Structures are given as C-alpha cells and as structure tokens.
Amino acid sequence: MRDEPYRWIEAIQDRRDYIEDQLRVGSPVVGLTYDDGMVLLTIGRGQRKIFEVHDRIALSAIGHPADIERLRMLVTDTASVQGFQNATEDVNLHRLTNFVLAHTFKQAFESIVGEAYIIKMLLAELGSTGDKNRFTCINYDGNVRTDMTSTVIGGTEVIETGMQNYLATASTGSDRDLTAALQLGLEAWAVGRELSSREPEEAESEETQVDTVQMHEIINVAREDGEIEAGVLETTQRGASKFRLLTSQEIETALP
Amino acid sequence: MSDNGNFLNRMRTEHEAFALKEVMNHKGDFLNLLKHTNYPLKIDLPSEKTQHGADIEIAHSTTVVAVRYRDGVMIAGDRRATAGTSVIYDRAEKVLQIDRHSVLAISGSPAIAYEIARILEHSFQYFRRSQLQELSLEGKLRMLSRLIRENLPMALQGIGGVIPIFALYDLNAADDENGGKIFFYDALGAHFENVNFATTGSGSIWIRGVLRYLSRFGDTPLQEMDVRQATVTILRLLDTASEYDAATSGYNARAQIFPNVKTVTRTGVEDIADDELETCYAEAQPDGEAS
C-alpha cells in the first residue's frame, strides 16, 4: 500500500476517523495549576484514570483501557529505571515525551497494518526550583502540545476548544487555591461532557455556552453513576514523591 | 536518533519485547526490570578468589540499634566508617529512610548496603506506581530477603556481606496499638521479628545484654518510654558500645557530630534533630559530668 500514496493517505484518514470516533465519548480530563502545585481532575466510571508516574510527574488519559495501561507501563518503567540508574532528579517530562512516548504513538498510528493506540494522554510535571510547571498532551498520532497553567484533553478538538475557551474566560489567574481549581476544573469538565453529548455539527456551532445551572446539573448527573477523581502534585508534600490522590472528603468540600 | 540517554533510547523497542513476555502479567517487580536492562547487580570476581568457603567472617564494623518505644520504633547508628584499623570517615549515614514508614539500618559492606537500600526504595515506589497500591508489610520484608539472598555470593567472597535491621510501622495496627516492628536479617535473607529491640554490628555484643536488662528490669521498660527517654537511652547505649568497640564512634562534641537517630511512627519517619540530640546528650551524662 505504501507505493500508492493516495491509498496510504486514505488509510491514515480512515484510521484517524476510527480513532476519533472511539475517543469522542471519553470523559475529558482537566489539568490546572494552583497555588501549591498542579491538579488533574475528571469524573470516571470506576476505572482509575489519574496515575503517578514518578516523583514529580503524573499522568491521565482517555481512550482504550488496554492501550492506556500499556503506555502507562512504558512511561512508568522508563522513568523508574532512569531514576534509578542516574538520579531521580534526572527524570524529566521533556525527554519522556520526546524520546519515548511521541514516536511510539506516531509509529503505531502510521503503521497502518498494525494496531493503533486509541489514546490521548495528558502528563503533568511539577517544576523543581527554577523550572516551571508544565502540562504536556500527546495525541494518538504523536503530536505534542505543551501548556503552562491549564490544559484539557477531550474526545475531539471541538470539545477541547470549547473547554479551553471556558477556562480562558472563567479563570482568574494561576494563584487560585485548590478549592477554586477543583471548582473551575469541574465546570470545564461539564462543558466538555455537554459538547461530547451533542452531535458533531451542533457542537461546532456558536451556541456552545453552557450556563452555571446547567453545569451543576451535568456534574450531578455524572456523579450518580461515576465518581470525581482528582490527583495533585503538591510542592508542600513531604519527601521526594509529590503525587497523591485527593480523598473523597477533600473533593466534597470543594463542591458547590 | 542520537544516543544521549543510554537506556532511554533503547527502552521503547526493548520494552515492546519485554512487554510481550512480562508486562501482560506485570508483577511490579523492579528487580526484574533492572535485570532486563542489564544493570550490573553483582560483581563477578575471578574464580580463584571466590572459593573461600564458610570461614569468611563478615566484616561489620559499626553499631546500629533499634528499640520499640511508646510511639513506634527508634533506630540509631554511630557515624564511623573504618577500613581495618583506620577510621576513614566520621560522618557516615547508617540509618537510611526507605519510604514514609520504613527505615533500614545497615552494618557491613557500605557499597552493597547503600545499593540494597536504593533498590529497596525504588522497588517500593515502583510497586506503588505500577500496581496502584502500596506494597504490603510482608511484601516489603520479602523484597529485602530477596536482595540479601541475591547478595550471598558477594558475602561469601568476604567483601560484600550486609546484615541490616529493618524497622517499619504497620499502618494496619489498631489506633491504640503500637504498630512499630523491628526485623533482623541473617546473611541468607531469613528475617526474624525482634519484639522489643535489635542491634547489629561489631559493637552490638557490648550492648545486647544491656538492652535485655533494660527491657526486662528497667525502671521504665523500653516499650513504655516516651521519645525523650528513648533518645537518652539510645545515646547511652551507643556511648557504651563506643567505649569498648574501636569501630564505633561516640559523640564528637568539638565537631558537633551526632549519631543518626530516627523515629518510625504512625505519622512517618522523622529525624531527631541535632540540637535535640545535644540536649539529650547533656541529660544522658551521669550527674556531675554534664557538659
């Protein structure tokens, strides 16, 4: 097929459509910085979605659970071995993304006879002295996007844009506390959920405004058969490992 | 791709191969992962040097001691490192934190002991990160057993023996119960729980009897002491060991070098700070000798 460029491009496009169709209904994930670190937040249905990768790196993803698990193992193994062979300070997100993950994603996506990874991955790195906090999103095709104060992954680009627009208008800067970050994150999640439930054409229209009442309703409905999951990388956490999952009580206090 | 992260570049393809064999029933086994990356865990000596047999005495020039007190375990070690009859270092750290609730006190070959401590630390973290739960207390004990057993050839060569004390806090213990636990290992990796105290290293023979005496006949039994009493007791024990064992250092007042003293309690591992130790040292002196 490779000597027929047109068919190759067509095959890639089919693959893209297939993957995006699978991803569209995935529960979005929001990443935000706050005054004491970074938080990743989503509402899931039982499957854990937020993970610790290394001392200062956390991961979340949407997609097929088996693919998420396999790639999570790859990045966890790599970071663990490198942290042991050199020093834990030598593990960094830039190298994990660019040397290990991005081209694994790309290769799987473009080798059209092999299986594709159905995944969008979000990684957060808590900056050490002198370094900034950093969110990195890796798309199923290996494209990498980096954000500093907030980021989202959602099923489609339209959903992500809608959520990001909401964050841009509602956010009051990165000096919010954890409660404010959780509230903002949940609202952005609700926007994403709403957009993913609409038909693709409808979602793209200008009528993307979701008001506060609607948001809270969406969150409440989602909580009936799901659970809010949030993990933080906290600068004030004792010891080298900065990651922890928030307890349900902590999440409860942030709810409106 | 430029080869600038030795392992990192090879990792992806190797991981694929590894994944097919191992990851599909991933056990969170860090040691296995390290072996797969050809990390040199053992040093192979030429065969003529390895057949010493059982007459090798494991060098363990130090004193480390752990006691169970009211809130958990207190564990301490002197700071001297020796080579033969020479003192080569007076700030050695022999009490190493492994995770939030466990501490390893080492005696024996420092190179191997530090390596074991490091592998242990990374193994617990790796298990938590990959398997999404903490390794159980029993799991942690076995991991250390395995590392010590794997090290047996080095121990028999007379250059790498390590006899540690492992102290943990069992978070499953009831709130009103003391969850502090002390384990002692032999060179083959068998572990034994010591109920009230453990000590190892060349200075330990001088204080084991004292510990037994204190635990059984002391005014305040070890397990009822508060943190201050336990600290004073431990400093006195190390002082006694340093009096009779040349490989154990006492308190160096001029250079302000204190033993390492750590506590393992429900809230985690903590150091007893130097200024606190200084006050306790004054208290530990017999009347009239206080400095």
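Two strands pair if DSSP finds at least two bridges between them, and the exercises below apply this criterion to a predicted model.

**Exercise 1.** Determine in which sense strand 1 and strand 2 of chain A pair, and place them in their sheet.

*Solution.* Begin with the bridges: strand 1 (residues 29–34) and strand 2 (residues 37–44) of chain A are joined over five bridges, in the antiparallel sense. One residue pair illustrates this, since A:Thr33 has A:Met38 in strand 2 of chain A as its bridge partner. Next, extend the view to the open sheet of five strands in chain A, whose order is 8-1-2-9-10 with antiparallel pairing. Strand 8 (150–153) and strand 10 (243–245) of chain A each have a single partner strand and stand at the edges, so one side of each lacks a neighbour in the sheet. From one strand to the next, the twist averages 15 degrees. Finally, consider what packs on the sheet: helix 5 (residues 178–197) of chain A touches strand 1, strand 2, strand 8 and strand 9 (227–234) of chain A, and its direction makes about 40 degrees with that of strand 2 of chain A.

**Exercise 2.** Describe the largest nonpolar core and the surroundings of A:Leu40.

*Solution.* The largest nonpolar core has 72 residues, and those with the most contacts inside it include A:Val39, A:Leu40 and A:Ala188. Helix 5 of chain A gives the most to this core, with ten residues. Turning to A:Leu40, and leaving aside its neighbours within four places in sequence, one finds contacts that include A:Val29, A:Gly31, A:Ala58, A:Leu122 and A:Ala230. A second, separate core of 70 residues includes A:Phe84 as well as B:Ile75, B:Leu120 and B:Ala230.

Technical notes:
Residues are numbered from 1 along each chain as its sequence is written. Chains are lettered from A and ligands numbered from 1 in the order in which they are written. This is a predicted model: local features need pLDDT of at least 70, side-chain atom pairs count only at pLDDT 80 or more; totals for chains, interfaces and linings use all residues. Helices (H or I, at least four residues) and strands (E, at least two) are DSSP runs, numbered from the N terminus. Axes are lines fitted to C-alpha atoms, for helices over the stretch in contact, and angles run from 0 to 180 degrees between N-to-C directions. Two residues are in contact if their C-beta atoms, placed from the backbone, lie within 7 Å. A nonpolar core is a set of buried Ala, Val, Leu, Ile, Met, Phe, Trp, Tyr and Cys residues joined through C-beta atoms within 7 Å. A residue is buried if 20 or more other C-beta atoms lie within 10 Å of its own, exposed if 12 or fewer, and partly exposed in between; C-beta atoms are placed from the backbone.
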